[in-house]
Amino acid sequence: DGCGHTVLGPESGTLASIDYPRTSPNSTVCEWEIRVKPGQRVQLKFGDFDIDDSDSCHSSYLRVHNGIGPNRTEIGKYCGFGFQMDGLITSKSNEVTVQFMSGIHTSGRGFLAAYSTTDKSDLITCLDNASHFSEPEFNKYCPAGCVIPFADISGTIPHGYRDSSSLCMAGVHAGVVSNTLGGQINVVISKGIPYYEGSLANNVTSKVGPLSTSLFTFKTSGCYGTLGMESGVIPDSHITSSSILEWPNQTGQVNIWKPENARLKRIGPPWAALITDEHQWLQIDLNKEKKITGIITTGSTLAEHYYYVSAYRILYSDDAQRWIVYREPGMDKDKIFQGNTELYQEVRNNFIPPIIARFFRINPLKWHQKIAMKVELLGCQFSIGRAPKITLPPPPQNKNDKKNADFMDDFIHSVKTSLQTDKTTFTPEIKNTTVTPSVTKDVALAAVLVPVLVMVFTTLILVLVCAWHWRNRKKKAEGTYDLPYWDRAGWWKGMKQFLPTKSAEHEETPVRYSSSEISHLRPREVPTMLQTESAEYAQPLVGGIVGTLHHRSTFKPEEGKEASYADLDPYNSPIQEVYHAYAEPLPVTGPEYATPIIMDMSSHPSSPLGAPPISTFKAAGNQAPPLVGTCNKVLSRTDSASSAQALYDIPKGQLGPGSADQLVYQVPQSVAHPSGSKDE
């Protein structure tokens with residue numbers, strides 16, 4: 001009469017003294033006999049131990065034995081308040097006897113212990129919670145029987161459980177382990193949340209919980225998606241029932257609570273059976289085999305019709321003819337699932353191991369007033385894996401070789417033995433795999449080829465762009481005249497000629513022309529073309545102005561039509577202001593000068609000395625300056641032995657620096673050309 005909470009599973013279990021965690025009554029005794037599979041051993045772990053030791057373990061104690069019956073041998077005898085048992089108690093065989101004796105005492109909670117086979121090295125008890133472990137992620141083995149009335153949990157999936165919750169009890173609530181079998185849990189610790197919801201699942205009630213510093217969740221196979229009742233993926237024709245409730249309302253309209261109304265969260269009435277007995281059922285056709293891991297149910301969800309199912313069985317089939325009642329492994333009784341306790345709350349139950357079937361049937365066993373419910377199934381797609389292909393070794397070369405023949409028989413026997421599976425083996429977890437191995441190889445190959453192709457095409461494009469750019473530069477360079485060297489240095493150096501600068505020491509800066517381009521000029525009947533490497537400017541002989549000249553050209557080719565020397569004959573033009581086609585005035589801050597006009601004078605008649613000359617220079621004002629002075633000869637270099645000479649006027653006398661404004665130039669006077677110059 002001293003036995004308390006007890007669940008003895010085939011591989012693990014939980015046992016406690018009577019009335020634990022309260023003080024156990026006097027003069028009570030309990031004895032547990034534990035058996036596991038032959039060839040295995042039993043290990044025992046205490047979660048709590050508090051037994052009176054006032055009489056040195058004489059009347060109150062806990063004794064553990066190897067074996068069962070009269071031939072058992074004692075492993076140890078234990079007592080004490082708050083006794084801490086370090087490590088595990090391990091048996092020598094697959095059988096263990098645990099004996100609890102409670103004598104006369106006034107205090108002591110008794111004990112709670114868990115057991116498992118010795119291959120479960122990470123065994124914990126039902127009292128362990130997440131705060132007992134410091135790792136952010138860990139694996140532990142929960143024994144069977146951890147749904148205990150004296151432990152609490154707060155939270156639900158997928159949000160998580162409060163860190164003060166019992167790990168194994170929360171695992172049962174989440175559906176990752178079975179209360180009758182126990183199992184492995186994979187726990188992940190994370191930051192806590194301000195509020196933990198409560199729910200009813202797998203016969204475990206989770207309470208509402210306040211803020212905590214941390215929480216824990218479980219890693220699972222991920223096969224917990226909805227299978228189509230709520231979403232409508234399952235058509236109405238695939239939802240049938242044993243009977244349908246029909247009744248008229250106050251207005252005389254007939255209400256029909258059809259089976260297709262049994263969709264979770266669907267607004268309106270549920271499915272309800274016309275007959276209220278244990279032979280009613282709601283059937284769902286999934287169209288093909290699915291892996292079913294759980295079910296969620298509610299009542300009628302109509303306040304005026306307080307109907308719900310409080311307990312039910314589950315049946316499944318592949319052909320809707322032969323039905324199998326769901327049972328937990330190793331159990332000889334049908335599993336009865338807890339249903340709803342009121343008409344609104346969603347209650348979840350999980351199937352461990354999962355159900356693999358096409359047809360699914362719910363058989364209500366208990367209900368409130370009438371059989372009425374809404375349902376959703378949880379699970380995922382199911383695919384059958386192919387058996388491994390057996391590759392036999394080559395047959396023996398010598399048929400008479402008996403050893404080789406025996407080796408062949410032994411090999412085939414070993415392969416067949418390895419393919420055999422235990423009937424109680426859980427269905428392997430099926431995870432969604434989105435990339436096959438062949439696709440992975442293709443992805444790796446593409447990851448190498450794509451960058452290489454991109455680099456090749458990029459290089460080709462750069463080569464084409466550079467070739468096009470070089471060609472355009474070459475075309476631009478093929479003008480009548482080459483730009484002065486300072487124009488090639490960049491736009492900023494070109495712009496500096498228009499900006500006022502400080503005076504600098506003057507040096508002659510000749511403008512260079514391309515001799516290859518002058519050959520394009522075709523003046524009218526020019527006997528000899530003067531090809532020069534540099535042109536000489538007429539410069540003032542007044543020393544006061546020399547300092548204001550700068551190293552800049554005063555000429556810029558115009559856009560559009562290119563002018564030639566043959567297009568303008570200043571000696572045959574009317575008397576007017578004539579400017580060279582390429583001459584542009586400098587800013588007002590600088591002096592003005594012009595390039596020499598190179599032309600063949602042999603094609604024009606000589607003008608009398610008294611004829612008025614034509615100026616090719618522009619003064620600062622709108623009117624041409626007066627022409628005064630005498631002529632000096634300026635010799636230009638030519639390619640031929642004979643050279644043409646042009647005369648320019650220069651200022652009379654040497655004026656001082658203060659007379660710079662009065663300095664003007666005159667055009668060349670008509671002179672007779674040497675006889676060596678002939679028309680060609």
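**Exercise 1. Describe the overall make-up of the protein chain, starting with its helices and strands.**

Solution. The protein chain, seen here as a predicted model, contains 6 helices and 29 strands. The next step is burial: the chain has 680 residues, of which 39% count as buried. Turning to the surface, the accessible area of the protein chain comes to about 39,600 Å², and carbon and sulfur atoms account for 55% of that area. Finally, when contacts between residues at least 6 apart in sequence are considered, 75% of them join residues at least 24 apart.

**Exercise 2. Find which parts of the chain are linked by the salt bridge between Arg35 and Glu95, and state how exposed each partner is.**

Solution. As background, side chains of opposite charge can pair when their charged atoms come close. The structure holds 18 salt bridges, and one of them joins the side chains of Arg35 and Glu95, with a distance of 3.3 Å from N to O. Placing the partners, Arg35 belongs to strand β3 (residues 28-35) and Glu95 to strand β8 (residues 95-102), so that this pair links distant parts of the chain, 60 residues apart. As for exposure, Arg35 has a relative accessible area of 47% and is partly exposed, while Glu95, with 24%, is also partly exposed.

**Exercise 3. Decide whether Asp50 and Arg109, which form a salt bridge, are each buried or partly exposed.**

Solution. In this pair the closest N and O atoms are 3.9 Å apart. Arg109 sits in the loop between β8 and β9 (110-117), whereas Asp50 is in strand β4 (residues 42-50), and the two are 59 residues apart. The cut-off needed here is that buried means under 20% relative accessible area. Asp50, with a relative accessible area of 9%, is therefore buried, but Arg109, at 31%, counts as partly exposed.

**Exercise 4. Explain what the salt bridge between Asp236 and Arg263 ties together, and compare the burial of the two residues.**

Solution. The closest N and O atoms of Asp236 and Arg263 are 2.7 Å apart. Asp236 lies in the loop between β17 (225-226) and β18 (239-241), and Arg263 lies in the loop between β20 (254-257) and β21 (271-272), so their salt bridge ties together parts that are 27 residues apart in sequence. Asp236 is partly exposed, with a relative accessible area of 41%, whereas Arg263 counts as buried at 2% relative accessibility.

**Exercise 5. Name the residues that are linked with Asp119 in a network of salt bridges.**

Solution. The network links Asp119 with Glu11 and Lys120.

Methods: Residues numbered from 1 in each chain as written. Predicted model: local features only at pLDDT ≥ 70, side-chain atom pairs only at ≥ 80, totals over all residues. Heavy atoms only, no water. Helix = DSSP H or I, 4+ residues; strand = E, 2+ residues; numbered from the N terminus. Buried < 20%, exposed > 50% of the residue type's maximum accessible area, 1.4 Å probe, protein only. Contact = heavy atoms within 4.5 Å. Areas by Shrake-Rupley, 256 points an atom, 1.4 Å probe, with all protein chains shown as cover. Salt bridge = Lys/Arg side-chain N within 4 Å of Asp/Glu carboxyl O.
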